[in-house]
Amino acid sequence: MAKTHGRVPKESVSRGPADLAQGGISLVFPVHNESFIIELTIRDYYHELSGRVRDLEVIVAEDGSTDDTKTVLERLAGDLPIRLFTSDERKGYQKAVIDAVSHATKP
């Protein structure tokens with residue numbers, strides 16, 4: 001087998017349903033000033049995983065964006081089953097990730 005430097009070789013990655021014994025998946029997105037791409041990103045992840053993961057939770061933690069990110073996310077939350085958390089002030093990447101993960105209820 002070829003050395004992969006910590007990555008799983010593409011041919012060995014399972015593309016089937018998630019293991020139900022694992023208890024679901026929390027997919028967490030910390031977001032800041034990403035109005036230009038965040039809707040496509042979340043829709044792509046949601047549609048890829050929702051058919052294979054019975055217990056999928058999508059958490060979006062917006063971190064004080066100053067562009068139209070909040071507006072895009074609020075509209076998206078009306079269309080997809082996402083849990084949206086917004087902030088009026090910037091916390092910074094590390095704090096935003098910690099806060100976002102704290103909302104997760106799945107492994």
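Here, buried means under 20% relative accessible area, exposed means over 50%, and partly exposed lies in between (1.4 Å probe, protein chains only). This is a predicted model, in which local features need pLDDT of at least 70 and side-chain atom pairs count only at pLDDT 80 or more, while totals for chains, interfaces and linings use all residues. Residues are numbered from 1 along each chain as its sequence is written, and side-chain values use heavy atoms, with hydrogens and water left out.

**View A. Phe29 meets Tyr45 in the one aromatic pair of the structure.** The ring centres of Phe29 and Tyr45 are 5.4 Å apart and the planes stand at 75 degrees, so this pair is edge-to-face (rings of Phe, Tyr and Trp, its six-membered ring, pair with centres within 6.5 Å; planes under 30 degrees apart are stacked, over 60 edge-to-face, the rest tilted). Phe29 sits in strand β1 (residues 25-31) and Tyr45 in helix α1 (residues 38-50), so the pair links parts of the chain 16 residues apart (helices, H or I, at least four residues, and strands, E, at least two, are DSSP runs numbered from the N terminus). Phe29 is buried at 10% relative accessible area, whereas Tyr45 is partly exposed at 42%.

**View B. Helix α3 (residues 93-102) has buried residues Ala96, Asp99 and Ala100.** Seen down the axis of α3, the buried residues fall within an arc of 100 degrees, so they line one face of the helix (the arc is taken from the directions from the helix axis to the C-beta atoms). On the other side of α3, look for Gln94 and Ser102, which are exposed.
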